[in-house]
Amino acid sequence: MSLDAESFDILLPTLQRFVNERLVPAENHLEEHDEVPADLIEAMKEMGLFGLTVPEEYGGIGLSVSQEVLVNYELGRTAPAFRSVFGTNIGIGSQGILMDGTPEQKATYLPKVASGELIMSFALTEPDAGTDAASLKTRAELDGDHYVLNGTKRFITNAPRAGAFTLMARTGGPGAGGVSSFIVPAGSPGLKLGKNDKKMGQRGTKTCDVILENVRVPAANIIGGVPGQGFKTAMKVLDRGRLNISAVSCGLASRILDESRRYARDRKQFGKAIGEFQLIQAMLADSQAELLAGWSLVKDVAQRFDGKPAHASDPDISMRVSCAKLFATEMVGRVADRGVQIHGGAGYINEYPVERFYRDARLLRLYEGTTQVQQLIIGRELLRQD
Ligand SMILES: Cc1cc2nc3c(=O)[nH]c(=O)nc-3n(C[C@H](O)[C@H](O)[C@H](O)COP(=O)(O)OP(=O)(O)OC[C@H]3O[C@@H](n4cnc5c(N)ncnc54)[C@H](O)[C@@H]3O)c2cc1C
């Protein structure tokens, strides 16, 4: 699946213009009001951003993974909250249906996802099950042709905006094999949202608990129709999601580097631009080299991802995805830290974008699997391979 080259060559510059002319100027508003303005959300719908990864037959644009990382790099060059409005739709929220859903599930949900009519979120994490996601406790008990769900999901991105959740719950015994993925409509009786989490950064993104008290969901809402496959679906979804977080990290690093270069040219001390000092140049050079290394890695893994059979899991590619997430998210943390340093005291003041990017970047090495989880995946796979 991919968009033809000619159309993609139009899409990418259009998106770059949208980021530069509409999103970057709205960053201060976002920071102040903690909300993405409604007119920008409408513009995102009109541009088809909610359906970037949904196949054309379901009304989307149908980007390949290699095209998707290029798009995410551009979106990474502004506040992450803008991408977050539709990010769970094209990413972890709906990919489970796309990868493993039945034909009926795809036909029912994907066109609404692509148009932006339906926002979907991904609900795996729980209060006692984060990194150890396979130990999740949310129960789904069969009752006739329905399942009855009870439990709490934590830190769910876009939950306050969601019309439905891809939600993992336990239908069987302990461990990964007892987990199923459900499509749970947000309006289901017994489903409640917690209060919005107050976060360190990424203002304008919305996360909260999703609480399930005797929520009845048709058995037909199990993704793929077969119980016990949900953990595998979740891991496949996260593979693609992690690669996109890596691309966003590279885009954000490039923006921080641009801000830092500009400041280094403008700011004068000791009678000259601070950019003329070699110690400042060294920081810029380290950031540039690390950014290029990270971005090359992301593009390489994306190509391999596109080369594998559609929707199949491949431990070698998962390992490479983890290398990309580990490197790119740690890299943007270092680039953001240097960005603040280059700005001196101004880097600590909210007026300069690097101050908030420093806080925004911190999340990237936590969600969709911490750096430590990526290390575990890489280490485990290296020991398994010949
Ligand atoms: C803003 C935000 C948005 C999020 N959005 C979503 C979402 O949309 N959907 C969703 O399902 N989840 C979401 N999450 C949850 C996120 O994926 C988890 O927070 C993350 O996976 C880590 O889990 P945890 O917070 O429980 O940390 P823990 O698992 O408690 O980890 C704590 C520390 O221990 C380390 N650790 C744990 N196990 C090991 C081990 N075996 N070896 C070495 N170190 C280990 C971790 O790396 C970490 O440093 C979000 C989180 C945040 C903060």
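**Ligand surroundings and the domain 2–domain 3 interface**

In this predicted model, an oxygen atom of the ligand lies 2.9 Å from a backbone N or O atom of L124. A second backbone contact involves F155, which has a polar backbone atom 2.8 Å from a nitrogen atom of the ligand. The side chain of T370 also takes part, with a polar atom 2.7 Å from an oxygen atom of the ligand. On its own the ligand has 980 Å² of accessible area, and the protein covers 63% of this.

The shell around the ligand is made up of 18 residues, the closest being T125, T131, T157, T370 and Q372. By class, 9 of the shell residues are nonpolar, 7 are polar and 2 are charged. Two or more residues each come from strand 1 (120–123), strand 3 (146–157) and helix 12 (371–384). Strand 3 contributes the most, with 3 residues.

The chain is assigned to domain 1 (5–115), domain 2 (120–228) and domain 3 (231–384). Domain 2 and domain 3 each supply at least three residues to the shell around the ligand. These two domains have C-alpha centres 29 Å apart, and 13 residues of domain 2 are in contact with 14 residues of domain 3.

The size of an interface is often expressed as the accessible area lost when the parts come together. Between domain 2 and domain 3, about 1,100 Å² is buried, 70% of it on carbon and sulfur atoms. On the domain 2 side, the residues that lose the most area to domain 3 are F122, M200 and Q202, which together account for 44% of what that side buries.

Terms used. Residues numbered from 1 in each chain as written. Predicted model: local features only at pLDDT ≥ 70, side-chain atom pairs only at ≥ 80, totals over all residues. Heavy atoms only, no water. Near = heavy atom within 4 Å. Polar contact = N/O pair within 3.5 Å; in protein donor to acceptor, adjacent residues only side chain to side chain. Areas by Shrake-Rupley, 256 points an atom, 1.4 Å probe, with all protein chains shown as cover. Helix = DSSP H or I, 4+ residues; strand = E, 2+ residues; numbered from the N terminus. Nonpolar A, V, L, I, M, F, W, Y, C, P; charged D, E, K, R; others polar. Domains from an automatic or database assignment. Contact = heavy atoms within 4.5 Å. Buried area = accessible area lost by both parts, 1.4 Å probe.
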